[in-house]
Structure formats: C-alpha cells, structure tokens
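Look at the structure below. The walk-through starts where the chains meet, then turns to one helix pair and ends with domains.

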Amino acid sequence: MSCKTRCPRGNAPGLIIMALRSLSQDLGYFTESEKGRQQLALKRTVGHWMITYGYCLYLEGVGTSMHPEQGPVWDWIQDNWRDVFKKMGANYQGDGPGILRRIPEEAMDEIREIFKVTGGMKRFENIEKFSKKKAKELNMKLDDGIENEYFQHIYKTNNGSHTR
Amino acid sequence: MILAGKKAVWKDYQKEIAEDKYYYVRSCVRQNFFPGSETAFLKIMREELDKDVYENPCHTSCTGICYHSDIVPVETTMTVVARQFALMTEAGYENLMPSCITSFGLYTEILDTWHHFPEIEEKVRRQLKKATGREFKKPKNLAHASDVIFKFRKEIGAKAKYKLINKETGKPLKVVDHIGCHYAKMFPSKGVGGAEYPYVLTGMIEEWGGQIIDYPERRHCCGFGFRQYLVQANRGFSVACSKEKFESMRPFKPDMIITNCPGCPMFLDRWQYVINEMEGKRYGQNGEGIPVFTYEEVAGLVLGYDPWELGLQMHQTDCEPVLNKIGIDYSPEDKYNLDISPSYSKKHNLINV
C-alpha cells in the first residue's frame, strides 16, 4: 500500500492486483500458478476460522509445526492456552464481551448469511471446486482439512524462481 | 517559512479524535498474540481516564485478513463492516474505535469508497438489510485506539510511575517507532501526522520521557503482507522485510521498539528469534534482542502495571532489558507463573452489557 502514498493520482496498485486475483478465482485460472494455488490454503485456514468462529485468526491448536517461527514461547502458550489467556484477562470461549469470547451463534448465522448474499460463499465454493480439479490433474490426494497431500504441497512449496 | 504558514501546513496533518463515548471493536491478531494489551487498554480508558467504552459481544472480525488475502470479495467485507456499524448504531454510539490497524484502514477505505460511489453504499445497505434485517448510520468519528492514547498521552504522563529514562545514566531511552502500513499510508489525512511524519507514537514517547530515533528504513513495512506470512512457502518475503529494518536501525542502538499495529510487534518480535536461529545474529546491545512493545504495553509500564499482567512473557524476544534500564519493580521468577491472579482483571469488569 506504500505505492498509494507516493502516487500523485492516489492510485493503489495493490488493489488492482486484488481485483485481478478475484477475477482469476471467479474464472478458475488461479490454480495454474504456485501462488494462485495457495488460495485454498488461505480459504481453509483464515477463511474457515472467519465463518466458523467469527475471527480471522483462531490459533488454539495451531502450533509450531505450521509456524516454527513462533518459537518456544508459542509452545508454552499452546501448552497452557486457557491459563495464559485467563491470566491476561481474556473471556476465552465465554459468554459476553471480551478477548476471544464465544461469538453467539445468532451472530455467526448473520455473518454466514452475509457471505451467502454477497458472494463470499460462492468464492469459497469456487476455490474448493477448482482446487479439487487441479489436485486430480496433479494426481494428488485432497480431502477435507489440511492434513492431506495437496494442501501440504501448496502450503510449503516454493519453486525458488520468484526473486531475481 | 513564517510560523503562521508552518501552523497552517501542520494543520493538514492533524485529525479529529473523539473525546469520549467510544464503540470498541477488537483485533483478531491482538487478541491471539497480545491479549494483555487489550485488557490494559480498557483498564486505562475506563479506570485511569474515566471514559465510556462500549463493546458488543456480537461483533466479529471485519474479515480484513481474509479480504487482503483475496479469499473474500470486497462486497462481503463491506457488508460485514456495515453490520459492525449497525451494532454501533443500535447501541447508541457514534465514535468507532478499532483495536486493529488493518480494520482501521479497511473502515477508512470503505467510507472513502462510499463517499465517492454512493450507489455502492446503497447496495451494501440493501445487502445488509436482506441478510440481517439491520440498518446503520456511519460513524461520526473514526479513530484507532492508538489515536485515543495519543490524545490522552499527557493525562497518562501525569499519572506515570515510571519515565522512559535509563535509571543508571539519566538519559532518555532510545526508541524506534513502527507505524502499521494501513494506519496512514493509504489515507494520509486519516492519521496523526500523515504518512510521512506520523506523530501518533512519537508523541507518546516524547511525552513519557523517551527519545525517538530516525533511521533510513523507518517507514518500511514489517513484512506481514498477509499471504506473504500466512502461507509457509512465502515467509521468506516477510522475514526479509523485517531484517531490512533491523539492519537499518542497528547502528543507532535502539533500546526498544514501539508499534501501533497488532501484527507488526509480533513479526518484529518473532523474526528476531528466527534471524538469530538462522544466522546467530542479534540486533540489540550486549548480545540481546531489541524488545518490541505494543503502545498499550508501554502505557501500562509507564503507569506501573505489572509486566506479567501486561503479557510481556508472551513475547519471544525478552523484554527484561528495558524493564531493568527503567528500573521497573518486577518479579523475574514470576514470569511463567500462571497461578498468580492478575490484580486488575479481578477488579476490572469485562462484562459491560
């Protein structure tokens, strides 16, 4: 977004890229590149958390195997999640307001309905549909969740040709 | 330039920040990585500053991380944000105060879009009504939570138990400020000081006794970049950005880093650990890392809150060097002790509805 600060006309190239990527997902072209295929990994992590819990990040149980950069302190937090968050004054999975509260199901129903009415669910379905087609083409196993060959492949593979 | 001219120019870099009656929306990243910061923020607002801050348990993420990862269409994001506005309207509040910089940037972007394209606003209103039956008024005032702490920095300074001063030398601590990209780079007029001269964190540090360091890569991104970090295969881009900043600030020997975005402190903290693991390199003094803080944590330390109740033990890069330099009274052996009940969370009423 730094480009917009500099552009005398206030253009935002980042938003153009986002628009093109949206089109690519609508048409199914995104699975034809390494970076495009990663959309499934994003949909099955942050996208799943958003429509399931109401948070873009919901990290209990997301450990250092997926995020080794989080370091030993993250292992300690994961091992003591409830106690750590209680000490921090959180309302973890509790009713009422507060940190990482349980968002009421009626509220989540509204969020899911918004996704349905505005094309968010259709986008998710497209990502799944075209990814399954690509996994079949690559002869890789893809079932639900993240512990499968195709997900692990797109989550971890970098062909090393993206920089000069 | 004459003084009147300077004042006129600087006026363009100021923003209006509401005085009281805030509708607070939380941050996904801050709740997961820096929960003590949001707790401390509400304690400061309600108990130290006696402000009315309301939170509705039915509010959700703004979808910002999903939107910037391109898995959620902009119309979906706009309608989820419109629902946040509806909850605020129904509660009788007009001053929106997000904890997250991404949310703040997104709300700004959406309000700007609706200003230029009112037909999109009308479409979003219809979609929200159809999906939830709700209606909304747009916020009268939009200020990030760091804007509000900036506004009341003098009041906090007046109650300070500690100053950002090295107790041994009597000199101000040298502080690097790091402003989240989505705070003012997209809409400079919406941030205190704009994109080029952001003053929101500098104002706090100067008021609380520290000295801000200027360095070449001061405005460089921390490297989050959403999909750059969220997918493991891309994380090299993310760590490379942080490293660029560390290399640039190192010659100026900073004592600490302060941030206003929830994501930036996590990356500047964790990537120091990673670079040390990969290259055996540390950027602080005496073979240590550079402690990284949220602005809430710094305000809490200044006010004399316990470091472990602020959550400093959740950082990967140790914060003790700064605590020791200031001379903060704390118990090192209680760092990972989970049996201690936080003194303020007992008093502090989390339930406000």
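**From the interface inward**

In this predicted model, 62 residues of chain B are in contact with 62 residues of chain A. Many helices of chain B take part. At least two residues each come from α2 (28-33), α3, α4 (64-68), α5 (74-91), α7 (118-132), α10 (181-184), α12 (227-230) and α14 (263-279) of chain B. The most comes from α5(B), which gives 5 residues to the side of chain B that touches chain A. By class, that side has 29 nonpolar, 22 polar and 11 charged residues.

Now stay with α3(B), one of the helices that supply at least two residues to the side touching chain A. Helix α3 (residues 35-48) of chain B also pairs with helix α15 (residues 295-302) of chain B: their axes come within 9 Å. The axes cross at roughly 55°. An angle between 35 and 65 degrees counts as oblique, so α3(B) and α15(B) are oblique to each other. Their crossing is left-handed.

Which residues make the contact between α3(B) and α15(B)? From α3(B) come B:S37, B:A40, B:F41 and B:I44. They meet B:E296, B:E297, B:A299 and B:G300 in α15(B). By class, this contact has 4 nonpolar, 2 polar and 2 charged residues.

Last, turn to chain A. Its domain assignment gives domain 1 (56-102) and domain 2 (106-153). The centres of domain 1 of chain A and domain 2 of chain A, taken over C-alpha atoms, are separated by 25 Å.

Note on methods. Residues are numbered from 1 along each chain as its sequence is written. Chains are lettered from A and ligands numbered from 1 in the order in which they are written. This is a predicted model: local features need pLDDT of at least 70, side-chain atom pairs count only at pLDDT 80 or more; totals for chains, interfaces and linings use all residues. Axes are lines fitted to C-alpha atoms, for helices over the stretch in contact, and angles run from 0 to 180 degrees between N-to-C directions. Helices (H or I, at least four residues) and strands (E, at least two) are DSSP runs, numbered from the N terminus. Angles under 35 degrees count as roughly parallel, over 145 as roughly antiparallel, 65 to 115 as roughly perpendicular and the rest as oblique. A crossing is left-handed if the near helix is turned anticlockwise from the far one by less than a right angle, and right-handed if clockwise. Two residues are in contact if their C-beta atoms, placed from the backbone, lie within 7 Å. Ala, Val, Leu, Ile, Met, Phe, Trp, Tyr, Cys and Pro count as nonpolar, Asp, Glu, Lys and Arg as charged, and the others, Gly among them, as polar. Domain bounds come from an automatic or database domain assignment.
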